[in-house]
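Colleague: Please give me a close look at one packing site in this model. Start with how the two partners pass each other, then set it beside the other parts you looked at.

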Amino acid sequence: MKKRLFLIGGRCLAAGIFLLGQDGAAVPSKCEECHVAISPMQVKDFNRGVMSETMTCIDCHGESHTSAEDVANTRLPTIATCQECHEQQAAQYLSGKHALGLAAMNAMPYTHMQPRSFVEGQKGCGGCHTLGLMNQEARKSDGRRYYRYGMDCQNCHTRHAFSKAEASEPEACQTCHMGFDHAQWEMWSSSKHGVTYLMNRAIDPENKDRAPVCQTCHMPGGDHRVFTAWGFLAVRLPEPDKEWVRYRTTILKGLGVLDPDGNPTARLDVVKAAKVARLDEESFWAERQRMVEVCTQCHTPFFVSENMKNADLMIKESDVLFAEAIEIVAGLYRDGLIKKREDYHAYPDLLTFYEVDTKIEEVLYEMFMDHRMKTFQGAFHMNYDYSTWYGYAKMKKDLVEIRELAEKMRAEKR
Ligand code: HEC
Ligand code: HEC
Ligand code: HEC
Ligand code: HEC
Ligand code: HEC
Ligand code: HEC
Ligand code: HEC
Ligand code: HEC
């Protein structure tokens, strides 16, 4: 392959080296000559990475832009660009949950009502969720491309270093997997696993891998397909536990996947397409088994199965409280104490997230997105504090508040 950089003592001399075409116009290596002045760190980063040994800027950006006047002609790479040379990683990635990130976001009923800047830019929902677009050529009115559209690979392999080592550190996941409704970073980094890893990375780097990072469990063997058994919403069908089925049914009504009589709605298809809920037993247990095989590299089978079972049961305990709360709010709809929106169907719509009209629904939203999430996500990430105090204890408080608010609304009506 073409290689136009000279390596001297392991360092690249990118700047001074360029070729001129027959007519003196810029040819590819001029990219660096000009960009070393405009964006020097990009040139430096790229030349530090292994790809600079055989590639240049044009391999990803094409060669149709050669001056400040024709910037809109440059190609911004997409997953398809990387796929040309990294077929395996791209195929794995595209078959996983990340690649459904935009579909799942757009499946939410109120996403289209969010301010555009929250959805389309590199910030807000879009900052984390513009995932899975292939060959995205959407352009703004000035002809320039949107950044990061269809360029998911850089989410862990930041440009232009594109490093494997960097993507293997847990911090690569932190920007998105943190905070309010998915605090996996906080949970892991203060769990025994995280603390053991971080301590050893500092004092005994060679043995840091004795404790697992996100990638150990979610990308075993470098598999780019991320997928978990329960997923974000932690609802699955069918459910063998008869008692749990009752709570689950209420939750599915709240999610709008079942109508008030318990029949599937059109939303079920959307949920299916974006794989938001787990809808058959087989795939649930296949994902679970994949995870258990990771744990048993370091722990014994019984230790692991007990841990998993107990975490599953914590979801059930949360669902007892959550279902009661949903039914209380549904009762207010039924009795006309909360005015239905046009598209509501007798149950509070949990998937509207924070787009709600009343205080009691706001509490229900927090119970769902903040406290129920923390209860079970904390359980799976060995974070006892998140499960207990930021999770279950807060759910209890939410339920008390919901009961009280409902009582007040009813009293006011009387
Ligand atoms: C004569 C100087 C010059 C040359 C040569 C040049 N560029 Fe650029 N490039 C620019 C300028 C100026 C910008 C725009 C900076 C801005 O808008 O802030 C730019 C922007 C870009 C962008 C960003 C595009 C975007 O939509 O934001 C890419 C990618 C790029 N150049 C790649 C290349 C590649 C690849 C080559 C070689 C084929 C090249 N450049 C050659 C000056 C140059
Ligand atoms: C392996 C593929 C690859 C190569 C090779 C590559 N880039 Fe990029 N470049 C990217 C990706 C990915 C993006 C981000 C695109 C996006 O956000 O949609 C990007 C974005 C850019 C941008 C615009 C964004 C910004 O941060 O300013 C510029 C400018 C740019 N590259 C310049 C260069 C230059 C100069 C070279 C050669 C030294 C180069 N690139 C080589 C993949 C590459
Ligand atoms: C023209 C072929 C080609 C394209 C296009 C390409 N790569 Fe590479 N890439 C390579 C080669 C060759 C290597 C070095 C050998 C290897 O590790 O496979 C490499 C290595 C890598 C590595 C390993 C780096 C390390 O630290 O070991 C990563 C990560 C990577 N590429 C990401 C990307 C991403 C992301 C894109 C798209 C933005 C991309 N590549 C586009 C050819 C390509
Ligand atoms: C969620 C984070 C993440 C994303 C997104 C991601 N990668 Fe990776 N990638 C990793 C990790 C972690 C490794 C190291 C795997 C290992 O230990 O073998 C890796 C390794 C690689 C390697 C080096 C493989 C090897 O064994 O040398 C290539 C090439 C690569 N990724 C390409 C891609 C491409 C192409 C995309 C986009 C389709 C992509 N990656 C998206 C995390 C990610
Ligand atoms: C750019 C933001 C971003 C980064 C960085 C990122 N993720 Fe994700 N991740 C997401 C989004 C968004 C989803 C939800 C996707 C969907 O809705 O389909 C997700 C989903 C997941 C899931 C699937 C959960 C389920 O439903 O089964 C796992 C596991 C996961 N990520 C692990 C990781 C790991 C491990 C890393 C780091 C190596 C990482 N992610 C880096 C944004 C990110
Ligand atoms: C010791 C292994 C392990 C480590 C380390 C780990 N996870 Fe997980 N993760 C799990 C298990 C187990 C589940 C639940 C799997 C199931 O549903 O059966 C899970 C679930 C998830 C989910 C789905 C929602 C949830 O929380 O239940 C995401 C997203 C996720 N992990 C991301 C991460 C990120 C990001 C990191 C690093 C900050 C990380 N995980 C570290 C084992 C791990
Ligand atoms: C900080 C990054 C970030 C922001 C901002 C963000 N999300 Fe997410 N979102 C994620 C991650 C990471 C997941 C996966 C979490 C998990 O599985 O535990 C996720 C999961 C989801 C899911 C569930 C997907 C599934 O299939 O399980 C939906 C729906 C969703 N987000 C919608 C939104 C909407 C709508 C917004 C804006 C109001 C938004 N998100 C803002 C990172 C983000
Ligand atoms: C790379 C090895 C490794 C993997 C993989 C791993 N662990 Fe661990 N685990 C450790 C180490 C090391 C510790 C900290 C030392 C200890 O407490 O025994 C630990 C601690 C724990 C603890 C805390 C024990 C305590 O006494 O507080 C639990 C629970 C646990 N692991 C469960 C799991 C589960 C479940 C999985 C799979 C989802 C898993 N581990 C995957 C290495 C691993």
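Modeller: α17 passes α19 in a left-handed crossing (the near helix is turned anticlockwise from the far one by less than a right angle). This is a predicted model: local features need pLDDT of at least 70, side-chain atom pairs need 80 or more, and totals for chains, interfaces and linings use all residues. Residues count from 1 along each chain, chains are lettered from A and ligands numbered from 1 as written, and side-chain values use heavy atoms, without hydrogens or water.

Now the geometry. α17 covers residues 301-334 and α19 covers residues 384-413; helices are DSSP runs of H or I with at least four residues, numbered from the N terminus. Their axes come within 10 Å and cross at roughly 20 degrees. Axes are lines fitted to C-alpha atoms over the stretch in contact, with angles from 0 to 180 degrees between N-to-C directions. That makes α17 roughly parallel to α19 (under 35 degrees).

Next, the residues. From α17 come M314, E317, S318, L321, F322, E324, A325, I328, V329, G331 and L332. They meet S387, Y392, M395, K396, L399, I402, R403, A406, M409 and R410 of α19. Contact means heavy atoms within 4.5 Å. By class, this contact holds 13 nonpolar, 3 polar and 5 charged residues. Asp, Glu, Lys and Arg count as charged; Ala, Val, Leu, Ile, Met, Phe, Trp, Tyr, Cys and Pro as nonpolar; the others, Gly among them, as polar.

For a second helix pair, take α1 (residues 30-38) and α2 (residues 40-48). Their axes come within 5 Å and cross at roughly 125 degrees. α1 and α2 are therefore oblique to each other (not under 35, not over 145, not 65 to 115 degrees). Here E32, H35, V36, A37 and I38 of α1 meet P40, Q42, V43, F46 and N47 of α2. That contact has 6 nonpolar, 3 polar and 1 charged residues.

Last, ligand 4. It has 18 residues around it, with H86, C153, C156, H157 and H224 nearest; a residue is near if one of its heavy atoms lies within 4 Å. The shell divides into 8 nonpolar, 8 polar and 2 charged residues. α4 (79-83), α5 (87-94) and α9 (164-167) each supply at least two of the shell residues. The largest share, 3 residues, comes from α5. A nitrogen atom of ligand 4 is 2.7 Å from a side-chain N or O atom of H157. For H224, the corresponding separation from a ligand nitrogen is 2.8 Å. A polar side-chain atom of K164 lies 3.3 Å from an oxygen atom of ligand 4.

Technical notes:
A polar contact is a pair of N or O atoms within 3.5 Å; within protein, one must be able to donate a hydrogen and the other to accept it, and residues adjacent in sequence count only if both atoms are side-chain atoms.
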